[in-house]
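Got the viewer open? Here's a walk through the structure, one selection at a time.

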2 protein chains.
Amino acid sequence: MRAVDIIIKKRQGQELTREEVEFLVDGYIKQEIPDYQLAAFLMAVFFQGMSFQETGLLTRAMLNSGSLLDLTGIQGPFIDKHSTGGVGDKITLVLAPLAAACDLTVPMMCGRGLGHTGGTIDKLESIPGYRTQLKNLEIKKILAEAGYVIMSQTAELVPADRKMYALRDVTGTVESIPLITASILSKKCATGAAGFVFDVKCGSGAFMKDSAQAEELALSLVKTAASLERKALAVITDMNCPLGNTVGNMLEVLEAADCLRGKGPADVMEVTLRLTAHMLVLGGICSDVEQAEKLAARRIADGSALDKFLLNIQSQGGNAETVMNSAQYKSLCTETALLSPDKGYISKCDASKIGLAAVTIGAGRARKEDSVLPHVGIELKKTVGDPVEKGEKLLVLYTDGDRGKEQALKLLSGAYTFSIQRVERRSRILRELDHI
Amino acid sequence: MRAVDIIIKKRQGQELTREEVEFLVDGYIKQEIPDYQLAAFLMAVFFQGMSFQETGLLTRAMLNSGSLLDLTGIQGPFIDKHSTGGVGDKITLVLAPLAAACDLTVPMMCGRGLGHTGGTIDKLESIPGYRTQLKNLEIKKILAEAGYVIMSQTAELVPADRKMYALRDVTGTVESIPLITASILSKKCATGAAGFVFDVKCGSGAFMKDSAQAEELALSLVKTAASLERKALAVITDMNCPLGNTVGNMLEVLEAADCLRGKGPADVMEVTLRLTAHMLVLGGICSDVEQAEKLAARRIADGSALDKFLLNIQSQGGNAETVMNSAQYKSLCTETALLSPDKGYISKCDASKIGLAAVTIGAGRARKEDSVLPHVGIELKKTVGDPVEKGEKLLVLYTDGDRGKEQALKLLSGAYTFSIQRVERRSRILRELDHI
């Protein structure tokens with residue numbers, strides 16, 4: 001078998017066999033196949049795509065490049081959630097303790113933010129002491145204590161994904177549905193979950209800008225997971241406007257705590273409850289989504305979800321006090337209000353521009369090697385559907401001194417669109433794709 | 001400027017600017033852009049193509065990676081010919097001295113054979129002493145003495161092409177019209193010719209199997225040459241059946257000498273005279289192709305073309321005696337005749353199978369690193385259109401002992417197709433594409 005023949009076969013749009021996919025991935029990891037051959041292959045995949053079956057073979061070959069998370073002795077059912085990323089997307093922070101409070105076990109591997117989208121790891125690391133680079137024994141201990149764990153990618157799990165993602169990043173082959181699918185699923189499978197719920201974001205603040213793309217990715221994730229004998233379901237959610245009222249690492253952690261206290265914004269709660277409910281059905285805890293949503297709502301009302309959140313923070317080395325005191329936090333920043341230039345109803349609050357403003361003030365990363373500031377962020381006072389008077393606060397910007405303030409305010413003032421007519425607030429949930 | 005942005009731009013089918021093309025090629029040659037980025041770029045070009053203008057920019061950037069052949073003090077007009085390669089294609093061996101005898105000056109850079117197609121350098125090196133790796137002073141001396149020179153690719157001329165071709169070869173990106181065009185044209189321009197005639201072969205024994213592909217390449221060569229301000233013309237010729245009666249290095253040199261003595265097969269003469277005539281028109285020696293064909297025919301009839309051939313062989317260090325004595329040569333090989341299993345007319349003589357049989361006996365290369373045997377080859381006694389009796393000789397195989405003999409005979413016996421009806425012999429010239 002020769003790598004060049006496999007490249008040509010894919011270039012011609014043919015489906016690869018298990019042996020061919022394994023030959024490529026194994027050879028690449030063993031450095032027997034050079035970067036330049038894999039780069040040409042990845043570009044051929046960009047143009048010719050892969051069947052779900054073939055994407056499953058790629059996922060499995062990548063998965064086999066490392067070890068699996070050892071969960072022996074830990075009680076299931078293990079069900080995971082993955083979001084394709086958005087602006088103000090703190091769902092994981094609420095959903096993980098909520099699912100744990102409903103008796104699911106949730107071993108989650110999460111990422112950092114890049115560009116206008118934030119990352120769960122960055123958000124949690126804004127809690128002083130919170131550690132996400134964990135050893136296997138710690139992971140087991142945290143799961144036993146809190147019912148869920150949030151870890152960074154490790155060297156042992158799916159090294160092929162790290163190596164391939166780095167290559168895709170510099171060869172213009174990131175935006176490929178099968179490659180995105182295999183990257184997501186290989187990491188998700190490595191942590192041992194038996195089922196997944198995918199939150200595929202769609203809109204200006206998401207990776208997928210239109211619904212056709214989002215549906216394509218959702219279908220690929222669900223069908224490929226099925227070919228790997230994992231239960232899966234995808235929910236396509238609206239990401240044209242930031243999720244909730246906050247964008248920024250610590251701000252989002254605080255908002256997540258509010259959600260777990262039953263004081264969360266409607267959109268965050270809608271998405272969180274629906275995704276958690278699907279996880280509960282996949283895990284066999286509930287038989288239908290309505291019943292599952294009610295159970296989840298009870299676990300927020302009775303405080304058990306918040307307990308899991310605080311337990312997890314302690315287990316992962318964080319100071320749980322931080323999340324109980326938002327006043328203390330805000331004193332660390334320079335506050336600037338953006339006032340409404342108009343009277344009317346907010347018809348648009350552009351997630352993309354708000355996400356970029358967050359990067360500008362240091363809440364997110366322009367480049368992978370940048371670091372993020374934990375405290376800076378944006379608090380939306382008005383969002384889509386809200387009535388507003390001229391001169392009323394649209395948002396408050398929290399910055400580190402003046403860092404990025406002017407540029408951010410310029411971006412932010414272009415983010416809002418006003419209407420003289422009443423604007424209806426729509427459901428965030430656009431479509432649900434089952435694995436069948 | 002970042003390489004990844006240029007890759008993405010091409011991936012999206014946009015046309016690159018001069019600055020972008022130069023950034024990529026220059027960066028690649030200076031090793032600032034790694035193989036893997038160029039590999040991804042090449043695959044994107046495979047799928048998205050390049051405009052003629054863009055292909056011209058690529059050609060020029062490749063050309064600028066090295067020096068140009070110094071022709072100061074040598075009298076023009078400098079006109080060159082390029083063939084895309086076929087089986088039994090000894091046109092260059094006849095055309096170059098013929099063009100020189102008609103007062104053109106022809107500095108030619110030629111290649112070696114690979115797969116079923118032969119290479120001019122391999123053929124000429126079958127003449128004892130003939131050297132094709134030449135220094136610039138030698139090139140000038142040979143041009144002054146013989147009016148044409150045949151040289152191998154050097155380290156100084158177009159290093160970008162050598163580096164890029166080696167990468168294309170292992171990344172499945174050889175079969176791309178703009179990349180083929182830039183590779184051919186950059187080498188052709190480096191030797192300083194002001195005009196080119198392209199012989200684009202089409203058929204089973206050619207790189208381009210069907211006429212649509214051949215026309216696409218012909219058009220790309222002619223239009224790109226025009227964008228580089230070179231005069232150019234392409235002739236698409238039939239390569240379903242070997243050209244002439246011989247396939248094999250020394251055998252083809254001997255057949256070329258026969259052609260120059262006025263004893264060449266009709267098809268080789270037809271193509272040679274037409275291509276030479278176009279060169280003479282491009283060079284301004286003649287005003288139309290008919291007149292030019294007549295001039296070329298006279299230069300064969302008066303022996304001046306053969307004189308140039310013998311002069312060139314001597315100038316390039318070869319023993320001109322060799323090409324005057326075919327009997328001596330044939331005594332070096334084991335002769336085996338393939339007899340006709342049928343009576344009728346030859347309707348097909350498959351160039352691809354005959355080319356592969358030639359590789360099998362060592363006349364060509366299966367892999368780039370193989371060497372070739374100068375004396376072995378195939379002499380066709382019957383070709384398309386010939387009547388044949390059962391048991392009559394179809395061809396004679398010349399082998400080095402028994403090396404490859406059995407396998408070659410198997411391939412060769414499958415190469416012929418017979419018809420009970422008379423088969424018309426068609427012109428080799430399928431189409432001519434002007435640069436306008």
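Before you click on anything, one term: the domain bounds used here come from an automatic or database domain assignment. Also keep in mind that what you're looking at is a predicted model.

**Stop 1: colour chain A by domain**

Select chain A and give each of its parts a colour. Domain 1 covers 3-49, domain 2 is made of 79-154 + 168-324, and domain 3 runs over 329-419. Notice that domain 2 is written as two stretches of chain A, so to speak a pair of selections to join in your viewer: 79-154 and 168-324.

**Stop 2: where domain 2 meets domain 3**

Stay in chain A and show domains 2 and 3 together. How far apart are their C-alpha centres? The distance for this pair in chain A is 24 Å. Where the two touch, domain 2 of chain A brings 24 residues and domain 3 of chain A brings 28 residues. Together these two domains of chain A bury about 1,900 Å², and 61% of that comes from carbon and sulfur atoms.

Now pick out Asn245(A), Val247(A) and Leu251(A) as sticks. Within domain 2 of chain A, these three lose the most area to domain 3 of chain A, together 25% of what that side buries.

Next, look for charges. Two salt bridges are found across this interface of domain 2 and domain 3 of chain A. To see a salt bridge in chain A, select Lys368(A) and Asp169(A): their side chains meet with N to O at 2.3 Å. You can also hunt for polar contacts, as twelve residue pairs (both at pLDDT 80 or more) make them across the interface of domain 2 and domain 3 of chain A.

Which elements of domain 2 of chain A give two or more residues to the side that touches domain 3 of chain A? They are β6 (246-247) and α11 (249-260) of chain A. Highlight α11(A) in a bright colour, since no guesswork is needed here: α11(A) gives the most to that side of domain 2 of chain A, with four residues.

**Stop 3: bring in chain B**

Show both chains now. Some background first: two copies of a chain are related by a rotation about an axis and a shift along it. In this model, a turn of 180° and a shift of 0.1 Å along the axis lay chain A on chain B, with an RMSD of 0.0 Å. That is the relation of a two-fold axis. Want a landmark for the axis? Centre on Tyr36(A): in chain A, its C-alpha is the nearest to the axis, 1.8 Å from it. The same surface serves both copies, with 100% of the contact residues of chain A recurring in chain B.

**Stop 4: the contact between the chains**

Select the residues where the chains touch: 21 residues come from chain A and 21 residues from chain B. The area buried between chain A and chain B is about 1,700 Å², with carbon and sulfur atoms giving 73% of it. Show Arg11(A), Tyr36(A) and Phe47(A), which supply 38% of the area that chain A buries against chain B, more than any other three residues. You've met Tyr36(A) already, as the landmark by the axis.

Keep Arg11(A) on screen and add Glu175(B). These two form a salt bridge, and their closest N and O atoms are 2.8 Å apart. The count between chain A and chain B is two salt bridges, along with six residue pairs in polar contact (both at pLDDT 80 or more). On the chain A side that touches chain B, the elements giving two or more residues are α1 (3-11), α3 (35-48) and α8 (159-171) of chain A. Among them, α3(A) gives the most, with ten residues.

**Stop 5: some backbone curiosities**

Zoom in on Gly76(A) and Pro77(A). A cis peptide bond joins them, with omega about -10°, and Pro77(A) sits in the loop between α4 (52-63) and β1 (79-83) of chain A. Then hop to chain B, where Gly76(B) and Pro77(B) are joined by a cis peptide bond with omega about -5°. Pro77(B) is in the loop between α4 (52-63) and β1 (79-83) of chain B.

Finally, select Asp103(B), in the loop between α5 (91-101) and β2 (106-109) of chain B. Its phi is near 80°, a positive value in a residue other than glycine. Is Asp103(B) buried or exposed? Asp103(B) counts as exposed, because its relative accessibility is 55% and the cut-off for exposed is over 50%.

Technical notes. Residues are numbered from 1 along each chain as its sequence is written. Chains are lettered from A and ligands numbered from 1 in the order in which they are written. This is a predicted model: local features need pLDDT of at least 70, side-chain atom pairs count only at pLDDT 80 or more; totals for chains, interfaces and linings use all residues. Side-chain values use heavy atoms; hydrogens and water are left out. Copies are superposed by least squares on the C-alpha atoms of residues with pLDDT of at least 70 in both. Contact means heavy atoms within 4.5 Å. Buried means under 20% relative accessible area, exposed over 50%, partly exposed in between (1.4 Å probe, protein chains only). Buried area is the accessible area (1.4 Å probe) that two parts lose on being put together, summed over both. A salt bridge is a side-chain nitrogen of Lys or Arg within 4 Å of a carboxyl oxygen of Asp or Glu. A polar contact is a pair of N or O atoms within 3.5 Å; within protein, one must be able to donate a hydrogen and the other to accept it, and residues adjacent in sequence count only if both atoms are side-chain atoms.
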